[in-house]
Amino acid sequence: MKEFLYNSLMTTSGALTLTDVVINFLAACIISILIYTSYRISHSGAVYSQRFNVSLVMLVLVTTLVMNVIGNNIALSLGMVGALSIVRFRTAIKDPRDTAYIFWSIAVGICCGVSDYLIAGIGTFIIFMFLILFGFVKDNERILVVMKLDTGAMETVESMMTSLFQGKAVLRVQNVEADRVEMIYEISEVLLKKAEKVNGNCVKQISGTEGIHSVSLVRQDDEINQ
């Protein structure tokens with residue numbers, strides 16, 4: 001029994017030939033180009049990372065390399081798991097979709113490494129079409145309306161914000177000093193556009209009110225926007 005287990009762990013069955021390895025890497029290169037193209041087309045953020053997109057291609061190739069090395073050797077696969085478990089990734093993911101692209105690249109690399117091109121091709125086509133169709137979906141950006149005003153204009157501002165934004169503007173911060181007040185309201189981009197269609201430029205309308213010294217709009221998003 002011990003000899004059987006030892007032979008099962010140490011024996012490498014179905015070793016890949018040079019032709020198989022080359023075909024695996026060619027398939028990985030072709031599919032990784034689709035991943036690269038999909039990320040480039042569907043990315044709609046303000047900061048596009050060319051290096052991250054290239055790293056997706058490299059991730060496919062590296063995963064394919066690892067799967068080619070492991071093959072059907074159980075002992076080697078356990079050793080690779082132990083060796084890779086010490087790696088700690090500290091890179092911050094700015095866009096949640098980047099995580100999906102990372103797992104997509106790893107999955108494609110695994111499929112190409114075991115020569116399962118059909119699953120890799122069909123899965124890539126379905127994911128590619130899905131991301132092309134829904135990749136341009138954006139979050140409803142939050143906008144902060146920062147106002148500095150006199151203490152006597154607080155009630156005027158509150159009634160104006162309620163009127164302009166249909167009572168949906170949320171007061172987040174209110175800093176009161178001796179004769180000055182800083183008020184910060186949170187609204188959505190959709191709400192701002194609706195208000196501007198009805199009332200015109202809301203910023204000019206608010207800043208033109210007596211007692212208000214300055215009005216600033218600050219966009220809150222997961223990425224760096226201006």
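Here is a short tour of a predicted model, with stops at a long-axis check on one helix, a surface patch and some cysteines.

**Stop one: helix α2.** Select residues 18-42, which make up helix α2. Put a distance marker between the C-alpha atoms at its two ends and you should read 36 Å. That agrees with the 36 Å expected for 25 residues at 1.5 Å a residue.

Now colour the buried positions of α2: N24, A27, A28, I31, S32, I35, S38, Y39 and S42. As you look along the helix, keep in mind that residues three or four places apart point the same way, because an α-helix has 3.6 residues a turn. To see what covers the buried residues of α2, show its neighbours, including α3 (50-70), α5 (96-113) and α6.

**Stop two: the surface of α6.** Move on to helix α6, residues 117-134, and pick out L118. With 62% relative accessibility, L118 counts as exposed. Add I122, F125, I126 and M129 to the selection, and together with L118 you have a nonpolar patch on the surface. The accessible area of these residues together is about 530 Å².

**Stop three: the cysteines.** How many disulfides are there? The count comes to 0. Select C29 and C112 to see one case: the C29 sulfur has its closest cysteine sulfur in C112, but at 9.0 Å that is too far for a bond. C111 is in no disulfide either, since its nearest cysteine sulfur, that of C112, is 6.8 Å away, and the cut-off is 2.5 Å.

Finish by switching on the surface: C29 is partly exposed, at 32% relative accessible area, whereas C111 is buried, at 17%.

Notes:
Residues numbered from 1 in each chain as written. Predicted model: local features only at pLDDT ≥ 70, side-chain atom pairs only at ≥ 80, totals over all residues. Heavy atoms only, no water. Patch = residues over 30% accessible without salt bridge, like charges linked within 9 Å, V, L, I, M, F, W, Y side chains within 5 Å. Areas by Shrake-Rupley, 256 points an atom, 1.4 Å probe, with all protein chains shown as cover. Salt bridge = Lys/Arg side-chain N within 4 Å of Asp/Glu carboxyl O. Helix = DSSP H or I, 4+ residues; strand = E, 2+ residues; numbered from the N terminus. Buried < 20%, exposed > 50% of the residue type's maximum accessible area, 1.4 Å probe, protein only. Expected span 1.5 Å × (residues − 1). Contact = heavy atoms within 4.5 Å.
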